[in-house]
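The following exercises concern strand pairing and burial. Please examine the structure before reading each solution.

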Amino acid sequence: MVLYAQLILHNMMCACVLILCVARRSFSSYPAYCLLGLDTRSLSESLASREIRKEKEIGDGALENDSGGESTVTITVVGASGDLAKKKIFPALFALFYEGCLPKHFTVYGYARSKMTNEELRTMISRTLTCRIDQRENCGDKIEKFLQRCFYQSGQYNSEEDFSRLDKALKEHEGIRLANRLFYLSIPPDIFIEVARCASLRTSSSKGWTRVIVEKPFGRDSESSAELTRGLKNYLTEEQIYRIDHYLGKELVENMSVLRFSNLVFEPLWSRQYIRNVQLIFSEDFGTEGRGGYFDNYGIIRDIMQNHLLQILALFAMEPPVSLDAEDMRNEKVKVLRSMRPLKLEDVVVGQYKSHYKGGIKYPGYTDDKTVPRNSITPTFAAAALFIDNARWDGIPFLMKAGKALHSRRTEIRVQFRHVPGHLFKRSFGMDLDHATNELVIRVQPDEAIYLKINNKVPGLGMRLDRSNLNLLYSDRYSREIPDAYERLLLDAIEGERRLFIRSDELDAAWSLFTPLLKDLEEKKVAPELYPYGSRGPVGAYYLAAKHNVRWGDLGAETQNT
Ligand code: BG6
């Protein structure tokens, strides 16, 4: 009996030691302000902690730092006068400040070649800052307080001396606090490595962390991407590199795992057994106006498909991860990508928009853009059929469609389910069973929604069926404004949460799928099918889908919920 009691006591002590060790390990890698009131560090808790932190907000929209105010974060936006910085990064930082999500001690630095004073930077930034629609109180005040934390340093992108000057300036703000530094490279990719070199050699934090966010394009193909990765890794570890795909920060993309793995009704259906095809659709109702110089070098396949749509596909199709931790999630995504067949020419249709007159207005063609060569054959539209050769998805077409200057702006995932076997109600639907099958639509934007098309009996004495939607429209259900993708991603980078960033093997796998196709298209100079500005894209996309027995779900969709 005594022996038995001793054994229990011994086991309890071992368990306590183990728990303490695990807790210590998980705490040590996160800044203190992420840990308020939490005693373990898993992803869901980290996300929950954002809510908790807000409740603990003090003063100026800042947070009490429970390490006694000893650490500080500086976010340096390299390429501060560029479009992305002005339109997305500074506004996202302000929104985080406004919501009380930034640590108490933070500084924002703009770095670029042009000469500018702090005041000029502040004026420039203030033009694009907006307050949340649902929380306008003290907006002017908050903007003022945020701007007081913003500074500017001019310098060349390849000058170690200039980065040393930046280092000196940062140190003045950081004082004796533990300095953490985040660099956002909002610059063309051909200078990523130079900036990474200068920043890592001259502007790394000596005691705190240093992280670098890079934004696509990560190369133009497998080789150039691998070269970029090698170049960055000469100066940074993989753990320091945060590769952004801003679609991963979109609310409905993030929700995909919740939808799949927390609802019993979906996961059992999530396979070739019940799903007929999956469609990933991206369309914009404007052209490349103003961005032709960049776009012509990349085209829609590199701009949208190889990253945004492929990332969504990987999240959609992956196996359930062991946990929601970054490495477990990314391992599953890589497995899906590596199970996919590289694309061939016959799997793809490419198009380019041409000018079009409508209502007395002339909408310009792609090659009318002054920054685009007149004879450019760069695709502004592409449709593709992809296949995942694994047990779950064998034979199921994943169709992608992405285009600029189309009739509407939308990004959605459409899941078409199989026909009901031995359909009792066949007579009500006639021969076209496609009209009677269930379809799940995840509308990423605009008007975020998830809806399921079901067959329903029209109320009355007869037996007439129609198709109706079970509709979760976010604006009806939730009163909070949806944060911009950059807000989530910046906050994650500050918190060291890597789940929504692309790992280098993921990037390699993504390029392996598209590189042979891109080479073929370019070597064979495949001419894109022209489509009028504002149309539904080239007819070839419909034939491609038909070849795989698929009908695009957005076909004929005039209203939002079709
Ligand atoms: C970018 C592309 O990654 O995403 C652009 O380079 C595209 O061409 C943009 O317009 C779309 O992003 P969003 O968030 O506006 O849908």
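**Exercises on strands**

Strand 16 and strand 17 (residues 449-457) are antiparallel partners, joined over 5 bridges. The model under study is a predicted one.

**Exercise 1.** Determine which residue of strand 17 stands opposite Glu-439, and which residue in the hairpin of strand 16 and strand 17 takes a positive phi.

*Solution.* Step one: in strand 17, the residue opposite Glu-439 is Lys-453. Step two: the hairpin has 3 residues between its strands, and Asp-447 takes a positive phi near 50 degrees.

**Exercise 2.** Identify how strand 15 and strand 16 run, and state whether strand 16 is enclosed or not enclosed.

*Solution.* Step one: strand 15 (residues 410-417) runs antiparallel to strand 16, with 6 bridges between them. Step two: within this pair, Glu-412 has Arg-443 of strand 16 as its bridge partner. Step three: buried residues have under 20% relative accessible area. In strand 16 (residues 439-445), 7 of the 7 residues are buried, so the strand is largely enclosed by the rest of the structure.

**Exercise 3.** Establish the strand order of the open sheet of 7 strands, and find the strands at its edges.

*Solution.* Step one: the order is 5-4-3-6-7-8-19, and the pairing is mixed. Step two: strand 5 (150-154) and strand 19 (501-502) each have a single partner strand, so one side of each lacks a neighbour in the sheet. Step three: strand 7 (residues 210-215) and strand 8 (residues 241-244) run parallel, joined by 4 bridges; Ile-213 has Tyr-242 in strand 8 as its bridge partner. Step four: helix 4 (residues 118-126) lies across strand 4 (106-112) and strand 5, at about 120 degrees to strand 5.

Definitions and conventions:
Residues numbered from 1 in each chain as written. Predicted model: local features only at pLDDT ≥ 70, side-chain atom pairs only at ≥ 80, totals over all residues. Heavy atoms only, no water. Pairing = 2+ DSSP bridges. Helix = DSSP H or I, 4+ residues; strand = E, 2+ residues; numbered from the N terminus. Contact = heavy atoms within 4.5 Å. Axes fitted to C-alpha atoms, helices over the stretch in contact; angles between N-to-C directions. Buried < 20%, exposed > 50% of the residue type's maximum accessible area, 1.4 Å probe, protein only.
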